[in-house]
Amino acid sequence: MTSTGGPATGPDPVGAAVAETVRRTGATIGALYLRADEDVLCLEVLCGAPGEFAAPWARVPVASPAPVADALREDRLVWVANQEEMVRSYPRTAVALPYPYALAAAPVTGARPWGTLLLMWPAGRPPHMTARERGHIAANCRRLARLLEEAAASGRPPDPGGQPRVLPVEAGHPASGPALAAADFAERLPGGSCALDLEGRLTFLSAGGAELLGRDAAHLLGTLPWQSLPWLDDPTYEDRYRAAVISREPVSFTACRPPDHWLDFHLYPDASGISVRIVPTGATPPPSPAPQRPPPVAPPARAGQFYQLMHLAAALTEVVGVQDVVDLAADQIMPAFGAQGLVLSTADAGRLRIIGHRGYPDHVVERLDGLPLDTNFTPAGQALSSGIPSFFSSPQEMQRIYPEAPVVSGKQAWAFLPLIISGRPVGCCVLSYERPHTFSAEERAVMTSLAGLIAQALDRAHLYDTKHQLAHGLQQALLPHSLPDVAGLDVAARYLPATRGMDIGGDFYDVIRLGDTAAAAVIGDVQGHNVAAAALMGQVRTGVHAHAHVGASPDDVLSRTNRLLVDLDPGLFTSCLYVHLDFARRRARLASAGHPPPLLRLPDRRTSPVDIAPGPLLGIDPDASYPVTEIPLAPGLLFALYTDGLVETPGTDLDDSIAELAHRLADTDDHDLDLLIDSLIEQAGPTRKRTDDIALLVLRAATPGG
């Protein structure tokens, strides 16, 4: 039996439980993400790595393609065994963390879904996770959920969104001997020795190491070597340190101390820090991977910033709408540069319209919204007209040119980044700080590069939103605004767009009153998710209406509509199910054009798919025929007509999904058909990504006196 230990105690029981889970699972890094709202996960606890490493993932949208988001959204453990699998499954994450490691993300769920636990191991870990390990991780996730619920019940609910708590894996290692003896041991070794903590700061330096590095220990201890030693200020060397921290595997590199002293560095990491051996190149090194001599890199830049920029660039290529750009800028770009304020504006009819902001009160936003593109009130006008970013490290700098802007803004430092494409102003992105901030040349270069990517993303997003509004408006105009009242029939319907992609589609439904004793119901799915699909959906619905009203039988309705689509030749196919309800003869007659079978629930709740022989899809064969199936229409009989978006799940057999839907329908109370539809859709997985839209139409033959 796997034990998860006793209750975590102390001032931070949740943090202690995360650290204990990391130790017990043999992981090297752990992180707890909590759901701040319906749309974003926030990093709450980080264990075993510097906080700077997690900056690109301090806030993760729930809908994003990331392991922690997938684990929560799909309520499952996500296991990534190695870097190759990470590249295939999560390329954006792989770009920002190009190191060998294994990863697991598991949902932390109790009375409600709280968030996700992330664990990382060195690459040497076995590629398969055993059932015992999965159970152990799940038990620890339940324990975390219990601690979070206890905190909430005692009036101390978690408040995700602030600075994450960074914890060591262990409180400390017991001393293996007197400190002086350990130092003497290091001094007796050939070459030099030093130690780094997980943040990269030098915590120990032997006399031999100081001699090889060319500086005494007093000037180096407590510093980052790539900052205190200019000849190590190269992203290649910092990247080796990052690789050691993430992978927990030995790494090595070769560097040249001017003028011509080549040194080999061998790094040996564990949970408490990194031990480093330094020997002259050519000397006999300690056992380690073969050193490589990197070519010099011309423009020095921090490796972390470089990978962060790549991560943000990859994220910007995936945004869809304007609001996605705003959310990405607020959730990832602001934290990446340590900014406390954001204003994102778009050029519209000669003015700058604010489309998103963070860190500003409403009255400031109202004052800044709608400024002319050539405004002199803030630096935005000059930045847009010249195409050159403006950086102000203090209010005094800005007041010399724009005396009112700092007073209105209330911030202490600003970066005005023009968003321009081929000489055309798209908008302006303003990052601001609550304290004076000096913008280094590296930071200015990264921000300027990122502004070009934001401009491209924002321009694409505007185009997408315009197309979406057109298609959505067309679709809403073609779907029925309300269903007719039909004597002897209870009806309810629902339409849900896809959660990813164009967000509109060709699913449709309708109920047609055919005199006093008959009615018809139709549901269908046009291929595609665009304006063409929405337009064809309207043509199919109109055709079905026309043929139904002239008294055509179900097979004739589909045959005539099929010939219409063949003549129109839209290049798209349509599935369709038509049901004719004859209340006088107490019968239902059905015909299908390649559509999923409807579900039939008898008055005694027995439920199953209707055994119907479907004809081909509409729009393919002008001579196609559509067999008719007849069913007695008993009082209380219920039909559920649906499109494939409700039952299709990657990796699941369609027949199994339909059988599962029938089982849920049998178990759901049908007193209120709208609530019944809510239940069916919710049980189908409201949080999963829907790549297809859903239409659901429920018909129930009324009972006498009902």
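The following paragraphs go from the whole protein to one sheet and the helix that packs on it.

This is a predicted model, in which local features need pLDDT of at least 70 and side-chain atom pairs count only at pLDDT 80 or more, while totals for chains, interfaces and linings use all residues. Residues are numbered from 1 along each chain as its sequence is written, and side-chain values use heavy atoms, with hydrogens and water left out.

The protein has 21 helices and 28 strands, taken as DSSP runs (helices H or I, at least four residues; strands E, at least two) and numbered from the N terminus. Of its 706 residues, 51% are buried, meaning under 20% relative accessible area with a 1.4 Å probe, protein chains only. Among contacts (heavy atoms within 4.5 Å) with a separation of 6 or more, 62% join residues 24 or more positions apart.

One open sheet has five strands in the order β20-β21-β22-β23-β26, with antiparallel pairing; two strands pair if DSSP finds at least two bridges between them. Its edge strands, β20 (506-513) and β26 (628-632), each pair on one side only. On average, neighbouring strands of this sheet are turned by 15° against each other, direction ignored.

Within the sheet, β23 (residues 587-593) pairs with β26 over five bridges in the antiparallel sense. Here Ala591 stands opposite Val628 in β26. Helix α19 (residues 554-568) packs on the sheet and touches β22 (574-582), β23 and β26. The direction of α19 makes about 25° with that of β23; axes are lines fitted to C-alpha atoms, for helices over the stretch in contact, and angles run from 0 to 180 degrees between N-to-C directions.

Key: Buried < 20%, exposed > 50% of the residue type's maximum accessible area, 1.4 Å probe, protein only.
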